[in-house]
Amino acid sequence: MRIEQDIKLDFKDVLIRPKRSTLVSRSGVDISRDFVFPHSSRKYHGIPIIASNMDTVGTFEMADALARESLSCALHKHYGDDALLSFFAERPELPPVFYSMGITPPDYDKFVRIMEKANGSINYVCVDVANGYTRAFIRFIHKLRSAFPEITLMAGNVVTGEMTEELILDGVDIVKVGIGPGSVCTTRKVAGVGYPQLSAIIECADAAHGLRGLICADGGCTCPGDLAKAFGAGADFVMLGGMFAGHNECASEIVEIGGVRKMRFYGMSSREAMARYAGGVADYRAAEGKEVLLDYRGAVIDTVREILGGVRSACTYVGALRLKELSKRTTFVRVSQQTNDIFGTRGN
Ligand code: 5GP
């Protein structure tokens, strides 16, 4: 047994220090980014925020609504072949919509089958496993990359620099970072495993950027300020589940409780998701997600505007004319637990 003594931080443990700036208005801030992906060599332009591939959030409706604002979506993996093919056939390449999959043989076979008929319409793929540290995951990445050299590949999840480097060397364009921070994730409680998300972003971004790779910070954002912190820490993309849940574009019914309209939102490893897709929780495992009821929030566009306004504001406070400059201009100040308890660094 060994204990690492250096302190690791979450979003709530820091604030961004204001800096002198020549910017006059938030409206002058450009929050789009341009990237060239290291393996696919494909060019990206857009606002680098992605809806999570959770079944209630990563829907066709969400992808369309976000695309209108230049944001992206990772579709959930439970759509059938025909639905996916007709959805992708109609789309322009940017902003990207990601086809998502796990690493089982049926996941791979489905992807091969769909790609044979997709006529080049699917170019962005998200390979998503809870634990990106297994040999099976790395083998799958090798197999996928050698069969499909032209796709832009996002894969994870991991939380450490050495694994980020390994994935980029193995053919991943965007490494997905985050184990345990999700709003409906219970891994930290069930397994005691995880890594504070802000530190994970800082360390993985540093590792990725050294190899011209990119990272997507996945999980733990609860308010626009958390996205600003994620970008400030070096994230190239940010993925959101809970912040995009509860909207019209989600695949979830509205229920009325005590006169208040609510929507169900559950983790993809929750009892609810496993009952729906895997016939229940297998004997040998525990659920690592939970279900919550969120207030119904109407159309996602209003939430998108709030998020983009927050990120623009952060850029203005530190004098970043473009989102690209935010991490270079970010100095975090650590806040004490007491400050955090009294004033909160989330949502205020
Ligand atoms: P959020 O934005 O809601 O904080 O986090 C979303 C992320 O949580 C997802 O993109 C995914 O990586 C992660 N996640 C979703 N469902 C589960 C789950 O049931 N268990 C765990 N451990 N993580 C989950």
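**Briefing: an eight-stranded barrel with a bound ligand**

Helix α4 (residues 135-147) lies across β6 (97-101), β7 (124-128) and β8 (152-158), and its direction is at about 180° to that of β8. The model is predicted. Those three strands belong to a barrel that eight strands close in the order β4-β5-β6-β7-β8-β9-β10-β11, with parallel pairing. From one strand to the next, the twist averages 25°.

**Strand pairing**

- Strands β4 (residues 49-51) and β5 (residues 72-74) run parallel and are joined by two bridges.
- Within this pair, I50 stands opposite S72 of β5.
- In general, the strands of a sheet pair through backbone hydrogen bonds, in either a parallel or an antiparallel manner.

**Ligand surroundings**

- The ligand is surrounded by 20 residues, of which S183, D218, G241, S269 and E288 are the closest.
- The side chain of S52 places an N or O atom 2.8 Å from an oxygen atom of the ligand.
- For S183, the corresponding distance from a side-chain N or O atom to a ligand oxygen atom is 2.6 Å.
- D218 has a polar side-chain atom 2.5 Å from an oxygen atom of the ligand.
- The ligand taken alone exposes 520 Å², and the protein buries 90% of that area.

**D81 in helix α2**

- D81 is located in helix α2 (residues 81-89).
- D81 counts as buried because its relative accessible area, 18%, is under the 20% limit.
- The side chains of D81 and R113 are joined by a polar contact of 2.7 Å.
- Leaving aside residues up to four places away in sequence, D81 touches K110, R113 and I114.

**Backbone geometry**

- Most residues other than glycine have a negative phi, and most peptide bonds are trans.
- The peptide bond from L94 to P95 is cis, with omega near -10°; P95 is in the loop between α2 and β6.
- A second cis peptide bond, with omega of about 20°, joins G156 to N157, and N157 lies in strand β8.
- S70, which is not a glycine, has a positive phi of about 70°. S70 is found in the loop between α1 (60-67) and β5, and is partly exposed because its relative accessibility of 33% falls between the limits of 20% and 50%.
- R212, also a residue other than glycine, has a positive phi near 65°. The loop between α7 (197-209) and β10 (214-218) holds R212, which counts as exposed because its relative accessibility of 57% is over 50%.

Notes
Residues are numbered from 1 along each chain as its sequence is written. This is a predicted model: local features need pLDDT of at least 70, side-chain atom pairs count only at pLDDT 80 or more; totals for chains, interfaces and linings use all residues. Side-chain values use heavy atoms; hydrogens and water are left out. Two strands pair if DSSP finds at least two bridges between them. Helices (H or I, at least four residues) and strands (E, at least two) are DSSP runs, numbered from the N terminus. Axes are lines fitted to C-alpha atoms, for helices over the stretch in contact, and angles run from 0 to 180 degrees between N-to-C directions. Contact means heavy atoms within 4.5 Å. Buried means under 20% relative accessible area, exposed over 50%, partly exposed in between (1.4 Å probe, protein chains only). A polar contact is a pair of N or O atoms within 3.5 Å; within protein, one must be able to donate a hydrogen and the other to accept it, and residues adjacent in sequence count only if both atoms are side-chain atoms. A residue is near a molecule or strand if one of its heavy atoms lies within 4 Å of it. Accessible areas come from the Shrake-Rupley method with a 1.4 Å probe; for residues, only the protein chains shown count as cover.
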